[in-house]
Amino acid sequence: MSLTLSRSSLIRTENFIAGHWVGSDGGSTFGVHNPADLRQIASVPDSTHDDAWQAADSAQSAFKAWKSTPAKRRGQLLKQWHALVMSHQDDLGRLISLEQGKPLAEGRGEIQYAASYIEWFAEEAPRIEGDLIEPSVDGRRMLAVREPVGVVAVVTPWNFPAAMIARKMAPALAAGCTVVAKPAEDTPLTSLALIHLAEEAGIPAGVINVVCASRECTPAVADAWLRDTRVRKISFTGSTPVGKQLARESAATLKKLSLELGGNAPFIVFDDADLDAAVEGLMASKFRNGGQTCVCPNRVYVHETVFNTFAYKLTDRVAALRVGPASETDSQIGPMINTRAVEKIMKHIDDAVAKGGKILVGGQQVRTDIGPNYVAPTVLADVSSDAQLCQEETFGPVVPLCRFTGEEEVIGMANNTPYGLAGYFYSGNISRIWRVADALETGIVGINEGVVASEVAPFGGIKESGYGREGSKYGLDDYMHIKYLCQGSLG
Ligand SMILES: NC(=O)C1=CN([C@@H]2O[C@H](COP(=O)(O)OP(=O)(O)OC[C@H]3O[C@@H](n4cnc5c(N)ncnc54)[C@H](OP(=O)(O)O)[C@@H]3O)[C@@H](O)[C@H]2O)C=CC1
Ligand SMILES: O=C(O)CCCC(=O)O
């Protein structure tokens, strides 16, 4: 698949600072590759500390006017951005598939999902409200008002290059913040195309700034923003180690943080579950984006009395999944993002087998004639709880099945992890449903449901999966602070 779009101006290969498309300060670039065959599809600026600083300068200069722009007007501009994104969904979806690898239908689905956050926050902007507080002392008037925090640094991952940008930028802009953003090395093109449409929608120069950076240069860009006292917040989605590093390093300037980090989601199938529905839910949840999603089930616990039936049903479905590049329109599982990701997945499978797990289907790399990034959808049975597959986020199309016998036992197993993003369970017993939903230590619980993300709902984790909530009526809170105004008597 080549980099051709029906609207070629969506292919942007420069940084966007202060309303201008510019190269990096030092003139360096890095290549963007199609993970399907490793061919280079474009090159973009490899930004420096100075580029990041200029982006922050631009965002700071634009902040005062943007903050004072009526929220209704900010909402209207977001609505125009939303309309443009929706009207270019075919091109944008294709761009995602090209640089990220997901099947075309998923690429386009991600654009609709991204747009839903822009629309949601366009509608939330005019609803920003404060409170009039009943005073405790005569002659006073007390108010709590909400203000934008200031310049926000947005750092996004490669797995949802459109949705993550939209889910962070839309609430920031709605709240009245200005933004500096750095997309992942693997997937800058989708972000740049979205920003081009934001520019076309009329979002003023300086309100959004984007710099690209390779894995080598990213720390310098991040460092510029971490040290910069004008950057008041960081919104990050990515791995837990990088999230912790950002938390440590932003302590010096006490920035507000939203961290949406790794997960290790349990998926529990009780003996009273509808097994067909559970298989359906697991397929939809686990294999979305080839398993490269932070809320994907990572470990599947099945009650021993239904284990074999469930394993057969699941294996049948997984064996039928078609693996291939987005250019093959019937592909359901695309390439993994890069060879590092493939190595991690294969290492996890080998470790599980060495610890007694049995491969029911898959277990190997496939389509090696096209490229090295394809992993066969895999199911393993009787995986030991100390296997890496159960301990760490695998981020690939691999399902480890583990047996359990009792409710308390499985809740203990599910919670026995430092992570706490999503958890899922299937049961037909209403008392158990509320008991288990209460007991799971996660920010998100899917109850007889595998696909939980939505712009209307709060998305985020607890424990080492991070903090902050994205989407929903709570999503603006991360980008605002509360100011208390106390007026004494005039006379
Ligand atoms: N919560 C989630 O949705 C995600 C979880 N992950 C997990 O992390 C694993 C590794 O994936 P990986 O892509 O390496 O994740 P990273 O956390 O390294 O990357 C996510 C984002 O953070 C940036 N980044 C990397 N290092 C720094 C730094 N020192 N300071 C500031 N930003 C930084 C990356 O830039 P650059 O690309 O230039 O390195 C990218 O934009 C995956 O296998 C998965 O388990 C990964 C992605 C998303
Ligand atoms: O962090 C991720 O993996 C992206 C979020 C996926 C989702 O919104 O479901």
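This briefing describes the domains, ligand shell, nonpolar cores and a few single residues of one protein chain. The model is predicted. The domain assignment divides the chain into domain 1 (8-261 + 465-484) and domain 2 (266-447). Ligand 1 lies between these domains, because both give residues to the shell around it. An unreviewed UniProt entry annotates residues 21-484 as "domain: Aldehyde dehydrogenase".

**The annotated span**

- In residues 21-484, helix makes up 39% and strand 21%.
- The C-alpha atoms at the two ends of this span are 40 Å apart.

**Two domains and their contact**

- The centres of domain 1 and domain 2, taken over C-alpha atoms, are separated by 31 Å.
- Domain 1 puts 16 residues into the contact, and domain 2 puts in 21 residues.
- On the side of domain 1 that touches domain 2, the elements giving two or more residues are α3 (89-100) and α4 (104-124).
- Of the elements on that side of domain 1, α4 gives the most, with three residues.
- Sorted by class, the side of domain 1 that touches domain 2 has six nonpolar, six polar and four charged residues.

**The shell around ligand 1**

- Ligand 1 is surrounded by 24 residues.
- The closest of them are P157, A222, G238, S239 and C294.
- Helices α7 (218-227) and α8 (240-249) each supply at least two residues of this shell.
- The element that gives the most to the shell is α7, with three residues.
- By class, the shell around ligand 1 has twelve nonpolar, eight polar and four charged residues.

**Nonpolar cores**

- In soluble globular proteins, nonpolar side chains tend to be buried together.
- The largest nonpolar core here has 79 residues, and I118 and V179 have the most contacts inside it.
- Helix α5 (residues 163-175) gives the most to this core, with ten residues.
- Leaving out residues up to four places away in sequence, I118 touches L78, W81, H82, V85, A166 and A170.
- A second core, separate from this one, has 61 residues, including F287, C296, Y374 and A387.

**The annotated active-site residue**

- The unreviewed UniProt entry marks E260 as "active site".
- E260 is found in strand β11 (residues 256-260).
- E260 counts as buried because it has 28 C-beta neighbours inside 10 Å, and the cut-off for buried is 20 or more.
- Apart from residues up to four places away in sequence, E260 touches T237, G460, G461, G466, G468 and E470.

**Two residues with positive phi**

- Most residues other than glycine have a negative phi.
- L38 is not a glycine, yet its phi is positive, at about 65°.
- L38 sits in the loop between β3 (29-33) and β4 (40-45).
- L38 has 14 other C-beta atoms within 10 Å, so it is partly exposed.
- K463, also a residue other than glycine, has a positive phi near 50°.
- K463 belongs to strand β20 (residues 462-463).
- With 19 other C-beta atoms within 10 Å, K463 is partly exposed, because a buried residue needs 20 or more.

Notes
Residues are numbered from 1 along each chain as its sequence is written. Chains are lettered from A and ligands numbered from 1 in the order in which they are written. This is a predicted model: local features need pLDDT of at least 70, side-chain atom pairs count only at pLDDT 80 or more; totals for chains, interfaces and linings use all residues. UniProt positions are given in the numbering used here, feature names are shortened, and annotations may be inferred rather than shown by experiment. Helices (H or I, at least four residues) and strands (E, at least two) are DSSP runs, numbered from the N terminus. A nonpolar core is a set of buried Ala, Val, Leu, Ile, Met, Phe, Trp, Tyr and Cys residues joined through C-beta atoms within 7 Å. A residue is buried if 20 or more other C-beta atoms lie within 10 Å of its own, exposed if 12 or fewer, and partly exposed in between; C-beta atoms are placed from the backbone. Two residues are in contact if their C-beta atoms, placed from the backbone, lie within 7 Å. A residue is near a molecule or strand if its C-beta atom, placed from the backbone, lies within 6 Å of it. Ala, Val, Leu, Ile, Met, Phe, Trp, Tyr, Cys and Pro count as nonpolar, Asp, Glu, Lys and Arg as charged, and the others, Gly among them, as polar. Domain bounds come from an automatic or database domain assignment.
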